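Visitor: I am new to this structure. Would you kindly guide me through it?

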Amino acid sequence: MANCHRNSVGSIALDHRHTEKNATAGGHFRVLRRLIFDAVSCGGTSRYRYRQRGGGEGSVGDFSSVASHAEKEERSEKRSEKLSDLLNAAETKTDAEVARKEEALAELKRVVKELREEDLSMRRIAAERVRSLAKEDAEARANLAMLGAIPPLVGMLDSEDARSQIASLYALLNLGIGNDANKATVVKIGTVHKMLKLIESSDSNSSVAEAIIANFLGLSALDSNKPIVGSSGAIPFLVSTLKNLEASKTVSQSQSQVKQDALRALYNLSICQSNISVILETDLAWFLVSAIGDMEVSERSLAILSNLVSTPEGRKAIGGVSDAIPILVDVLSWTDSPECQEKASYVLMIMAHKAYGDRRAMIEAGIVSSLLELTLVGTTLAQKRASRILECLRVDKGKQVSGSYAANLNLGVSAPICGGSSSSEGGAGGRGSLVEEEDGMMMSEEKKAVKQLVQQSLQNNMIKIVKRANLRQDFVPSAQIASLTSSSTSKSLPF
């Protein structure tokens with residue numbers, strides 16, 4: 001069998017050499033060679049593989065391999081075409097993006113060039129265009145500043161045309177949105193002083209003032225600008241604006257926005273400690289305390305007071321306002337405004353920690369019941385601050401009781417002695433019993449006063465809680481309140 005196989009192979013080789021000499025048999029051999037080459041190139045070795053797999057004749061298997069190879073090549077070509085399409089699309093998109101950016105940059109350069117023109121109307125139109133471009137595009141703000149748009153806009157404030165002034169002010173405002181570098185640049189080139197000079201001019205209108213207040217709000221948001229803006233004279237202008245708006249009987253929507261902007265600008269400026277002395281030179285503390293009742297601005301007012309109370313001068317100014325403590329104590333009961341409760345409790349906490357006179361005024365204003373309620377139903381921050389105030393009041397009350405007890409004790413020891421020398425021993429015993437009796441009477445009176453104070457505080461607190469729960473006034477019987485307070489001791493005193 002093996003010999004036959006070798007003979008067959010040999011005969012093929014001989015035939016191959018023979019066919020090279022015989023031109024008539026060359027075509028048949030080329031077909032056979034093509035079949036063998038296709039089978040080897042497609043991974044097949046012989047026809048026996050296809051027979052083992054259950055295939056038909058060797059020629060059929062060879063043609064199947066050729067077809068499979070063609071399909072693979074076709075799929076590979078399709079994938080290559082898809083990848084090429086994606087790359088072309090990305091390249092097209094990149095080219096379009098670059099073209100768009102180049103066009104936008106060319107427009108910015110054209111606008112900045114128009115800002116430097118001599119024609120004021122053209123400059124005003126260019127300023128309005130800057131305002132529009134910088135309103136919502138952070139990249140345009142940075143590019144306009146790099147191209148030099150800020151100096152010509154500031155120079156337009158020296159013109160006599162109110163429309164040009166307003167266009168320039170709002171363009172500067174939009175350039176500073178979210179861009180600290182632009183805010184610093186605007187202040188460094190002396191824009192704040194030009195704005196204040198513009199306000200002092202007799203022909204300035206309300207629209208110019210509104211635009212300037214909006215700029216003060218934006219510029220004061222940067223920490224490095226706070227001392228510069230605060231020392232420039234902007235604070236008195238903002239305070240006078242608030243007073244004028246408060247005095248006006250009718251307040252429009254734009255005026256309401258101006259009031260909010262002025263308060264927010266003052267809040268930004270009050271963060272800087274060097275500006276607090278300037279603020280206290282005005283009567284802003286009085287205005288803020290009186291404005292707490294206005295729910296539209298109460299939170300802003302309390303926020304500024306929270307900054308002012310951090311200095312001794314600020315605490316003195318707040319404490320010097322008539323009914324300031326009762327008004328702040330009343331805010332603690334504003335359950336529908338937890339932010340105001342937190343800020344009012346902060347102001348009261350600082351004042352209670354620093355001054356005995358303020359603690360006494362708080363107690364007289366009935367702060368204890370409000371604090372007890374706040375520790376139950378307030379926010380987490382308000383509860384912590386209320387607890388600290390109660391601790392300050394408790395320690396202060398303990399000092400008062402100790403001082404009163406020591407004074408009465410000294411008074412009993414230094415009392416004059418009655419009787420002769422013959423009854424000295426009896427007199428000494430009488431004095432000892434007298435001191436003990438006086439001490440017992442004093443302690444019993446103090447205990448009665450403390451017990452009565454505890455009962456009154458708890459009863460008032462319970463009544464307020466019942467009212468806020470919208471329950472009947474007799475929901476908690478007085479007998480139950482008495483049973484609750486009868487077991488109380490001096491340790492439960494919120495003083």
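**Two helices in contact**

Visitor: Which residues of α19 meet α20, and how do the residues of this contact divide into nonpolar, polar and charged?

Guide: In this predicted model, I325, L328, V329 and V331 of α19 meet C340, Q341, A344, V347, L348 and M351 of α20. By class, the residues of the contact of α19 with α20 comprise no charged, one polar and nine nonpolar.

Visitor: How is α19 oriented to α20?

Guide: Two packed helices are described by the angle and the distance between their axes. The axes of α19 (residues 324–331) and α20 (residues 338–354) come within 8 Å and cross at roughly 140 degrees. Since angles over 145 degrees count as roughly antiparallel and 65 to 115 as roughly perpendicular, this crossing makes α19 oblique to α20.

Visitor: Is the crossing of α19 and α20 left-handed or right-handed?

Guide: The angle of this crossing is roughly 140 degrees. As to its hand, the crossing of α19 and α20 is left-handed.

**A helix and its surroundings**

Visitor: Why is helix α22 largely enclosed by the rest of the structure?

Guide: Helix α22 spans residues 367–377, and its buried residues include I367, V368, L371 and L372. S369, S370, E373 and L374 are also buried. The helix is largely enclosed because the buried residues number eight of the 11.

**The whole chain**

Visitor: How many helices and strands are in the protein chain, and what share of its residues is buried?

Guide: The protein chain has 25 helices and zero strands. Of its 495 residues, the buried ones make up 35%.

Key:
Residues are numbered from 1 along each chain as its sequence is written. This is a predicted model: local features need pLDDT of at least 70, side-chain atom pairs count only at pLDDT 80 or more; totals for chains, interfaces and linings use all residues. Side-chain values use heavy atoms; hydrogens and water are left out. Axes are lines fitted to C-alpha atoms, for helices over the stretch in contact, and angles run from 0 to 180 degrees between N-to-C directions. Helices (H or I, at least four residues) and strands (E, at least two) are DSSP runs, numbered from the N terminus. Angles under 35 degrees count as roughly parallel, over 145 as roughly antiparallel, 65 to 115 as roughly perpendicular and the rest as oblique. A crossing is left-handed if the near helix is turned anticlockwise from the far one by less than a right angle, and right-handed if clockwise. Contact means heavy atoms within 4.5 Å. Ala, Val, Leu, Ile, Met, Phe, Trp, Tyr, Cys and Pro count as nonpolar, Asp, Glu, Lys and Arg as charged, and the others, Gly among them, as polar. Buried means under 20% relative accessible area, exposed over 50%, partly exposed in between (1.4 Å probe, protein chains only).
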